[in-house]
Amino acid sequence: MQAQFETEEMKLYVIDTGFFKLDGGAMFGVVPKSLWARTNPADENNLCTWAMRCLLIEDGNQLILIDNGIGNKQDAKFFSHYYLHGDTNLDQSLNNAGFSPKDITDMFLTHLHFDHCGGGVDYVGNENEKLVLHFPNAKYWSNEAHWKWATQPNPREKASFLKENILPIQESGHLNFVPLNGESPFAQFDIALADGHTDKQMLPKIKYKDKTIVFMADLLPSVGHIPLPYVMGYDTRPLLTLTEKEKFLNEAADHNYVLFLEHDSQNQCCTVKHTEKGVRLDRTFPLSEIL
């Protein structure tokens, strides 16, 4: 059964969409393998396993899904690079939670890299001749600056912004933009912005009981990325990521934030603490522990 956690008004569901593999060196940048392999061991091809873990918020008549995984539209050659595996997928996880794609009212996209938004659009027809929204009744949320960044991609990120994942959202009329003036259109969470990984990535800061749960997306892919130099080679502005991580992790330690980890294959959540060496991991736990 899918784990469910609730307050009087709001319920949270972990939505697992499967696992994939990425090169360990690319995921940790300049950090030597002898260090990052302690938390993220690699296989014989230097590939590490990563989750694509999403979060569903049920609050009254709203059903808000944060990110949706990689989807299934690309061809066998594309998927051969990423070794998709696992015993669950997006629709199975939604079904386990008691919902279907048509129930989703809001599809919130932290950013438009393929492993975060690919499940939001499907091919239909025998020859894959048409693209349709996977969540037909949902508003799809991005922000204007990131949308422009993704639809006019730089050469470094072009392979991560796939037009078949992105353009049908606008063409369908379901695209909505989050304002970047600090006002969230959602009562359930505020939104923090991060520009180091990609321009105007959005991190929901969810108000849950007396806690703040932060959906970390790619600012902090795993607990192995907590030390400041552990920055992905995929980041477009790695020095900015260092600054953003340092500021955020100090804030998280000060206020005991719960960090919800989208890509950590072993850990759903963690907290961090101040130490003599800087902010470090405090403990890890499943979201079910927060009752």
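These legends go with a set of views of one predicted model, starting with the whole chain and then moving in. Local features are described where pLDDT is at least 70 and side-chain atom pairs count only at pLDDT 80 or more, while totals for chains, interfaces and linings use all residues. Residues are numbered from 1 along each chain as its sequence is written, and side-chain values use heavy atoms, with hydrogens and water left out.

**View 1. The whole chain, with its eight helices and 15 strands.**
Helices (H or I, at least four residues) and strands (E, at least two) are DSSP runs, numbered from the N terminus. Along the principal axes, the C-alpha atoms fill a box of roughly 55 × 45 × 40 Å. The radius of gyration is 18 Å, which agrees with the value near 19 Å for a compact globule of 291 residues; that radius is taken over C-alpha atoms, and the globule rule is 2.2 Å times the number of residues to the power 0.38. Of the 291 residues, 52% count as buried, where buried means under 20% relative accessible area, exposed over 50%, and partly exposed in between (1.4 Å probe, protein chains only). Take the contacts with a separation of 6 or more: 67% of them come from residues 24 or more positions apart. Contact here means heavy atoms within 4.5 Å.

**View 2. Helix α7 and what it packs against.**
Helix α7 covers residues 163–171, and its buried residues are Glu164, Asn165, Ile166, Pro168 and Ile169. They pack against two other helices and some strands: α5 (114–117), α6 (144–151), β6 (121–124), β7 (130–133), β8 (139–142) and β9 (175–177). Just after α7 comes Gly173, with a positive phi near 85 degrees.

**View 3. Two loop residues with positive phi, Asn46 and Lys209.**
Asn46 isn't a glycine, yet its phi is about 70 degrees. Look for Asn46 in the loop between α2 (33–36) and β3 (47–59). Lys209 isn't a glycine either, and its positive phi is about 50 degrees. The loop holding Lys209 runs between β11 (201–208) and β12 (211–215). With a relative accessible area of 48%, Lys209 is partly exposed.

**View 4. Cysteines in a structure with zero disulfides.**
A disulfide would be a pair of cysteine sulfur atoms within 2.5 Å, and a search of the whole structure turns up zero. Why is Cys117 not bonded to Cys54? Because the sulfur of Cys54, the closest cysteine sulfur to that of Cys117, is 11 Å away, too far for a bond. Cys117 is also buried, at 1% relative accessibility. For Cys269, the closest cysteine sulfur is in Cys270, and the 7.8 Å between the sulfurs is again too far for a bond. Cys269 is buried too, with a relative accessible area of 0%.

**View 5. Asp106 and its contacts.**
Asp106 sits in strand β5 (residues 106–108). Is Asp106 buried or exposed? At 5% relative accessibility, Asp106 counts as buried. Setting aside neighbours within four places in sequence, the residues in contact with Asp106 are Gln62, Leu63, Ile64, Leu65, Ala138, Lys139, Trp141 and Phe186. Thr49 is 57 residues from Asp106 in sequence, and their C-alpha atoms are 29 Å apart in space.
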